Amino acid sequence: MKHKPGSPTGWAPTSDWIARSGQPLRGRIRVPGDKSISHRSIMLGALARGVTEVDGFLEGEDTRATASAFAAMGVRIEGDGGVRRIVGAGPNGLKAPAQPLDLGNSGTGMRLMAGILAAQHFASTLVGDESLSRRPMKRVVEPLRRMGASIATREGGLAPLAFAPVDALKAIDLVTDVPSAQVKSCVLLAGLHATGTTRVREAHATRDHSERMLRAFGVDVRERDGWIEVDGGARLEGTNIDVPGDFSSAAFFLVAASLVPGSDLVIERVGVNPLRTGLLQALWAMGANIDVENERVAGAEPIADLRVRAAALHGIEVPEALVPDMIDEFPVLFAAASLAEGRTVVRGAAELRVKESDRIAAMANALRALGATIEETPDGAVIDGGTLRGGALDSRGDHRIAMASAVAAQCAKGEVKIADCANVATSFPGFVALASSAGMAVRGL
Ligand code: S3P
């Protein structure tokens, strides 16, 4: 058991896995719903007038925490098993929560909700677990303060975030310095409640799920001269949302099936938003054999079936322009690189150091424990591919480090013990069962 400040009980179980080389990955699978889209479906559904029905909702700890937070503000949210019916509270219908709202491990939950809570007539507080309480929140707190919000933080701009009631926010123009869909979305959500037109400009476009979904709710989100704009007072009307499979969850299977000889796997109904699929470009450049089949549209998002067959991978210099489009996929890219032929270089990815863990350090340590050659740099890594042996490593409570390590283990010449994997439930409940059904050898201890 491990202490988890911010979790309702204060304690949460940890769990360890054993992984080793298994069978070729074969058959057809579906991964759980997209985490980013699931969070947003609850938030926008709660702010809308009328009913929103969500299908394919991710039943992960992160997205359930967001749903619980809105339920604690009086929003009626019904359903389970990937289905939600949200009875929207309307633009001014949220109620003061009786207690701090606990967003667990979820950066998306905290940063996007900050944009909503900063604009309310009531006070509220957002708390998170140990990892979330270490992650930078100034990036949302500062622009929200410019809009007139009153937010108290722990020293250094860290959570908990305490919001004082406000009468009205005012619109701002924000030019983001770090590419972050969370910051952009936070400010656009606050902008819905502000007087005037709020505008955000990014040096590199980030995932546009918020913009697409806001439009599906009837909001006029404009893109003009490099600015993304929303007007204060825009009305959201309830709608139906079909959540695609999460590309970031599919990513583990794209790499595992590329690496394990004899694999031929189809992952159905995966979201292929071009601002999320940088890993496909990187894997293709490394020699992967992945076909994008049956491209179609689900609601506001493009989806496809991804067929992946094993291929000999070689190292690449990952183009910096791809980094924001694959920011969550670096742990598994590092695993692929450590087993590819030759050198892989990652630059311009310093953001990895402030995710659920320091993902550069966490992956470097994990793969080194299996004999890999990796040099960390401040904003990336240099990885020389080779073979991996068995060993013991620590996921540092980071879901993507745990799953990426299980993928690497499929090609290790011995048993791999992966510690502290309980947080896989934040984004990918059922990973062990699904991975096993596809042919991977991984089990809980
Ligand atoms: C997310 C944006 C990304 C990503 C996170 C989900 C989102 O974070 O890492 O897992 O849903 O907007 P940043 O925008 O901070 O890079």
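The following exchange asks how several descriptions of this predicted model are justified.

User: What kind of model is this, and which residues and atoms count?

Analyst: It is a predicted model, in which local features need pLDDT of at least 70 and side-chain atom pairs count only at pLDDT 80 or more, whereas totals for chains, interfaces and linings use all residues. Residues are numbered from 1 along each chain as its sequence is written, and side-chain values use heavy atoms, with hydrogens and water left out.

User: Why is S106 called buried?

Analyst: S106 has a relative accessible area of 1%, and buried means under 20% (exposed is over 50%, partly exposed in between, with a 1.4 Å probe and protein chains only), so S106 is buried.

User: What makes the pairing of S106 with H39 a polar contact?

Analyst: The two side chains come to 3.3 Å, and a polar contact is a pair of N or O atoms within 3.5 Å, where within protein one must be able to donate a hydrogen and the other to accept it, and residues adjacent in sequence count only if both atoms are side-chain atoms. Beyond its neighbours within four places in sequence, S106 is also in contact (heavy atoms within 4.5 Å) with D62 and L132.

User: How do you know that helix α11 is mostly covered?

Analyst: Of the 11 residues of α11 (residues 399-409), 11 are buried, including H399, R400 and M403.

User: What makes D398 a cap of α11?

Analyst: A side-chain oxygen of D398 lies 3.0 Å from the backbone nitrogen of R400, at the N-terminal end of α11.

Definitions and conventions. Helices (H or I, at least four residues) and strands (E, at least two) are DSSP runs, numbered from the N terminus.
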